[in-house]
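Work through the two exercises below with the sequence and the 3D structure at hand. Each task is followed by a solution in steps.

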Amino acid sequence: MAIAKAERLMNLALCLLGTRRPLSKRELRDSIEAYVEAFGPGNGAGGNDDSFNRMFERDKDDLRELGLVIETVESLDGEIGYLARRDSNRLPPITLDAEEAAALGLAAKVWQQARLAGAASGALQKLRAAGLPEDVDPYGAHGALEPRIPVHEAAFEPLMLACRDRRPVVFDYRKATAAHPEQRHVEPWALECWRGHWYLAGWDRDRGAERVFRLSRITGKVRSRGGRYTADVPDVVTVRETVASWAGEITDRSARIRLRSAAGYPLRAKATSVRELGDGWDELEIPYGHGLDAWLVEFGPDVVVLEPAELRADVVDRLRAVAKG
């Protein structure tokens, strides 16, 4: 049975960390059981040299990605050797006080209901092994309130990995105004939770612009695509601000609506003025921002938009999309 990749990488790392002089590819090939098992000894007589070289380069890149500092040294006779000096790969001691440990424990608890629960728990175990004070319980109770970030969308994990690895993705997305989903080609930047919902910010290749997508509206599987990003990733991705503006939280004008009496209390709470019209209707003036049309549709026949005209048209379009179903 072939030795697992993780064991092969560990053996390679141990060889590079344990040597006092640079080791050549041939020496590493002869020293690591997985290489001998797959390609035979490195005597140059076999025809597996190219395959071994490709695997070795991949393994070396994987170790460097994991944080191992591997040096390449050329000897006097021109032979290339590799080693990982211990002083270059030694982490400073971890010192955490009680408040810092408590903050880490609280952050780990946030993910207990999400797919990151295992990673969060494993990270705290590593900190404990690396010197976290024994008298500090990072999982202990630190208050009456305990945060939770639920993650129910199947798209969360593949998008989280795509953001981390900078990989373009493709998925089907259903807009609130559309009856059917459409395919979107996106370069994912960041994920963020806002008011109980997860959102993805990224570059929409088809539209050539930044877009924010609500994960609950992604249908089907998220598929990865090869190639590099075509747009620069901004230093700061303001997911919450963008979603807040789209949800009408950021407003710069007003709208007038008719609202049935004893209905639409959330609208009444935001109204800047209310006037009774009689016959069971009131007239309200409410802040108008992006996304107000989607909110008004939720109240169905209890709301009639008076002005502005573009808001009225947007509400009508949404109602027609719902009717088509």
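**Exercise 1.** In which sense, and over how many bridges, do S9 and strand S10 (residues 281-288) pair?

*Solution.* The model is predicted, so local features need pLDDT of at least 70 and side-chain atom pairs count only at pLDDT 80 or more, while totals for chains, interfaces and linings use all residues. Residues are numbered from 1 along each chain as its sequence is written, and side-chain values use heavy atoms, with hydrogens and water left out.

Begin with the elements, where strands (E, at least two residues) and helices (H or I, at least four) are DSSP runs numbered from the N terminus, and two strands pair if DSSP finds at least two bridges between them. S9 and S10 pair in the antiparallel sense over 5 bridges, and Glu-276 has Asp-282 in S10 as its bridge partner.

**Exercise 2.** Place this pair in its sheet, and find the helix that packs on the sheet.

*Solution.* The order S9-S10-S8-S11 describes an open sheet of 4 strands with antiparallel pairing. Strand S9 (273-278) and strand S11 (303-307) are the edge strands, each pairing on one side only. From one strand to the next, the twist averages 30 degrees, with axes fitted to C-alpha atoms (for helices over the stretch in contact) and angles running from 0 to 180 degrees between N-to-C directions.

Helix H11 (residues 309-324) packs on this sheet and touches strand S8 (253-260), S10 and S11, contact being heavy atoms within 4.5 Å. The direction of H11 makes about 150 degrees with that of S11.
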